[in-house]
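User: Got a minute to walk through this model with me? I'd like to start with one helix and work outward.

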Amino acid sequence: MAKARVKKRTHLRAQNASAAAAGKGSASSMTKAPKSMVIRVGASQVGTSVTQLVKDVRRMMEPDTAVRLKERKSNRLRDYTVMAGPLGVTHLMLFSKSKTGNTNMRLAVTPRGPTLHFQVENYSLCKDVERSLKRPRSGGQDHKTPPLLVMNNFNSPNATEDSKVPKRLETLTTTIFQSLFPPINPQAQPLSSIRRVMLLNREPSESDDGSYILHLRHYAIATKKTGVSKRIRRLDPKEVRNREKKKAAVPNLGKLEDAADYLLDPSAAGYTSASETELDTDAEVEVAESTTRRILNKREAQRQKAGDKPQKKPDTPGVEKRAVKLVELGPRMKLRLMKVEDGVCEGKIMWHDFITKSASEVKSLDKSWEKRRKEKEQRKKQQRENVEKKKKEKAKANGEEVNEDEDEDEDMEDDGEWLSDYDDDGDDDQEPEADSDDSMED
């Protein structure tokens, strides 16, 4: 039988496949982008409005999010936390509805927390925002790149550790929201990749109630040339290419003798009309025009090098002024920070909006948490011993000899990995109430 042919030019060899895979894995870990999951807790029990809000938030968090995630009624929080590690998910955004009818959002950092509990006081869906705009924008290809995160008024200058909203809480909240999207390099980041803006504005506290309220907005960035009428922009191939796909109106030039009559006609809003040149914009920026250069073939390059043909000066890119306008895409949300937990939706309460504890109460709570931690370790140890005992009994029933010295370490390692994903504590399988006014002991 003839030997099978092995392709060497286009395929990796067997001995180099593992090394290449290892190198690829290390490179991907170095450039690991944060990923998120937007989860609807309670499935159909939350209602149609919250369900649509979850879809809009997933659309806003694209492309590094699970857009087609489907929840079930039987899904627990532990199902998502267990799969967050293998899938590379770094953040969980859980939307739920309490018994009192309040909509809550929890922002958790996996795998060890912390968790920010927000109450969604007001929200508007994307379809509601589009109805309120005169010229709505669908987004198109804007969602292929992550949005630019803009945060305002997150750190107050007069905040201290003893104030109602301590300074460490402001720093923690800023760090968590900054880690939602990959960082950008202003020197190397192309401007074409920044197409959306996610704005988080902290509402200044007028009264001394110490509330921490955030307003979330989502915009698309639209740019147009300035100082040029609409009629000339319609003839510009760049503007036609960037325009959304729609049926373009063909100008009627049958009654005109020259194209200049169409462009410069004062009654038709040409150059002389200020209403056509001045756009409703937020700002004007200067952008370097992208120029195309002709690539020389081998013969032309040799002639140019030998001096037979005079070398042309490189084309210097021109600078044009473009008007930048933000078009809101939605959704809108008004978030009120209720409490901060140490773990992923479970753990010590680091800060609460309504409940404050004295130093003695905090000390007693630390003791109770230490007691709970020791009890949890004792349960894990008991589980490990039970697993070892069952293995020995099974091996003895099958007539196999068990070498305790060699198998003890392997059993401990295997059981440790299995027990790290399992806990006998019944509280872990229950969904904590996000907006309940529970005490620091819960």
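**Helix, strands and core**

Analyst: Sure. This is a predicted model. Helix α5 has 12 residues and spans 17 Å from first C-alpha to last, close to the 16 Å expected at 1.5 Å a residue.

User: Which residues in α5 are buried?

Analyst: Leu169, Glu170, Thr173, Thr174, Ile176 and Phe177.

User: Why are they on the same side of α5?

Analyst: Because they cover an arc of only 165° around the axis, they sit on the same side of α5.

User: What unit does α5 make with β5 and β6?

Analyst: A β-α-β unit, and it is left-handed. The helix there is residues 167–178.

User: Do tell me about the strands. In which sense do β5 and β6 pair, parallel or antiparallel?

Analyst: Parallel, over 5 bridges. β5 is residues 148–152 and β6 is residues 196–202. Leu149 stands opposite Met198 in β6.

User: Switching topic. Which residues have the most contacts inside the largest nonpolar core?

Analyst: Val57, Phe95 and Phe177, in a core of 34 residues. α5 and β6 are among the elements that each supply at least two of its residues.

User: Which element gives the most to this core?

Analyst: α2, with 5 residues.

User: Back to Val57. What is Val57 in contact with, leaving aside neighbours within four places in sequence?

Analyst: Val38, Met93, Phe95, Pro331 and Met333.

User: And what lies apart from the largest core?

Analyst: Another core, of 13 residues. Leu69, Leu77, Ala84 and Val344 are among them.

Note on methods
Residues are numbered from 1 along each chain as its sequence is written. This is a predicted model: local features need pLDDT of at least 70, side-chain atom pairs count only at pLDDT 80 or more; totals for chains, interfaces and linings use all residues. Side-chain values use heavy atoms; hydrogens and water are left out. Two strands pair if DSSP finds at least two bridges between them. Helices (H or I, at least four residues) and strands (E, at least two) are DSSP runs, numbered from the N terminus. A crossover is right-handed if, with the strands pointing away from the viewer, the path from the first strand over the helix to the second runs clockwise. The expected span of a helix is 1.5 Å times one less than its number of residues. Buried means under 20% relative accessible area, exposed over 50%, partly exposed in between (1.4 Å probe, protein chains only). The arc is that of the directions from the helix axis to the C-beta atoms. A nonpolar core is a set of buried Ala, Val, Leu, Ile, Met, Phe, Trp, Tyr and Cys residues joined through side-chain atoms within 4.5 Å. Contact means heavy atoms within 4.5 Å.
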